[in-house]
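Visitor: Could you pick one spot in this structure and take a close look at it with me? I'm new to this, so please explain the terms as you go.

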Amino acid sequence: MIEFSVNMVNRPGQLATLARELGAAGVNIETLAAFSTGPEAYVKLVVDNDDSARIVLKNAGVPFEERRIVSATLHDQPGALAQMAEALAATGVNIDAMYLIHAGDEGMRFALAVDDPDKATEHFEDS
């Protein structure tokens, strides 16, 4: 999976335009986090079609960066997140960002942006 980090101007309609252009290209957003700091806005997203999203962003002239992320499904029970984070920390893997993709009977599926994806995948069955 790829995390796209998009920088935009913080004004009404920017997120709507981005979402509309991705949708028009048939790209489904699986998870998203958005925040602003004054005049700038930042959107981090994971999509179902990285190649199409990349084309949309390039054609729109939107500055973006991308990086590989891993996924993990945790049991929906107290302490599951702590156990996963401790296991990563014990091997020196730092979590830079974490997004909930889906929650259901099978557990909670997260996307994790980490500083060492290869080392992190050793801890997860679904990476």
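Guide: Let's begin with Phe4, which is buried, at a relative accessible area of 0%. Here, buried means under 20% relative accessible area, exposed means over 50%, and partly exposed is in between, using a 1.4 Å probe and protein chains only. Before going on, keep in mind that this is a predicted model: local features need pLDDT of at least 70, side-chain atom pairs count only at pLDDT 80 or more, and totals for chains, interfaces and linings use all residues. Residues are numbered from 1 along each chain as its sequence is written, and side-chain values use heavy atoms, with hydrogens and water left out.

Now for the ring of Phe4. The structure has 2 aromatic pairs. In one of them, the ring centres of Phe4 and Phe64 are 5.9 Å apart with the planes at 55°, so this pair counts as tilted. The rule is that rings of Phe, Tyr and Trp (its six-membered ring) pair if their centres lie within 6.5 Å; planes under 30 degrees apart are stacked, over 60 edge-to-face, and the rest tilted. The two partners come from distant parts of the chain, 60 residues apart: Phe4 sits in strand S1 (residues 2-9) and Phe64 in strand S4 (residues 64-68). Names like these come from DSSP runs numbered from the N terminus: helices are H or I with at least four residues, strands are E with at least two.

Those two strands are also joined through their backbones. S1 and S4 pair in the antiparallel sense over 5 bridges, and Ser5 has Glu65 in S4 as its bridge partner. Two strands count as paired if DSSP finds at least two bridges between them. Zoom out a little and you get an open sheet of 4 strands in the order S2-S3-S1-S4, with antiparallel pairing. Strand S2 (29-37) and S4 are at the edges, each pairing on one side only. From one strand to the next, the twist averages 20°.

Next comes the helix on this sheet. H2 lies across S1, S3 and S4 and runs at about 20° to S1. For angles like this, axes are lines fitted to C-alpha atoms, for helices over the stretch in contact, and the angle between N-to-C directions runs from 0 to 180 degrees. Within H2 (residues 50-60), the buried residues are Ala53, Arg54, Val56 and Leu57. Looking down the H2 axis, they fall within an arc of 165°, so they line one face of the helix. (The arc is taken from the directions from the helix axis to the C-beta atoms.) These buried residues pack against S1, helix H1 (14-24), strand S3 (40-47) and S4, where contact means heavy atoms within 4.5 Å. Flip to the face of H2 turned away from its buried side and you find Asp51, Lys58 and Asn59, which are exposed.

Both ends of H2 deserve a glance. At the N-terminal end, Asn49 acts as a cap, with a side-chain oxygen 3.3 Å from the backbone nitrogen of Asp51. A polar contact is a pair of N or O atoms within 3.5 Å; within protein, one must be able to donate a hydrogen and the other to accept it, and residues adjacent in sequence count only if both atoms are side-chain atoms. Just after H2, Gly61 has a positive phi of about 70°.

Now slide over to the edge strand S2, where Thr31 sits. Thr31 is buried, with a relative accessible area of 7%. Its side chain reaches the backbone oxygen of Leu100 at 3.1 Å. Not counting residues up to four places away in sequence, Thr31 touches Lys44, Leu45, Val46, Tyr99, Leu100 and Ile101.

That leads us to another sheet. It is open, with 3 strands in the order S5-S7-S6 and antiparallel pairing. Strand S5 (70-74) and strand S6 (95-104) stand at its edges with a single partner strand each, so one side of each has no neighbour in the sheet. Neighbouring strands here are turned by 25° against each other on average, direction ignored. S6 and strand S7 (residues 107-114) run antiparallel, joined by 8 bridges, and Gly104 stands opposite Gly107 in S7. Helix H3 (residues 80-90) packs on this sheet, touching S5, S6 and S7, and its direction makes about 145° with that of S6.
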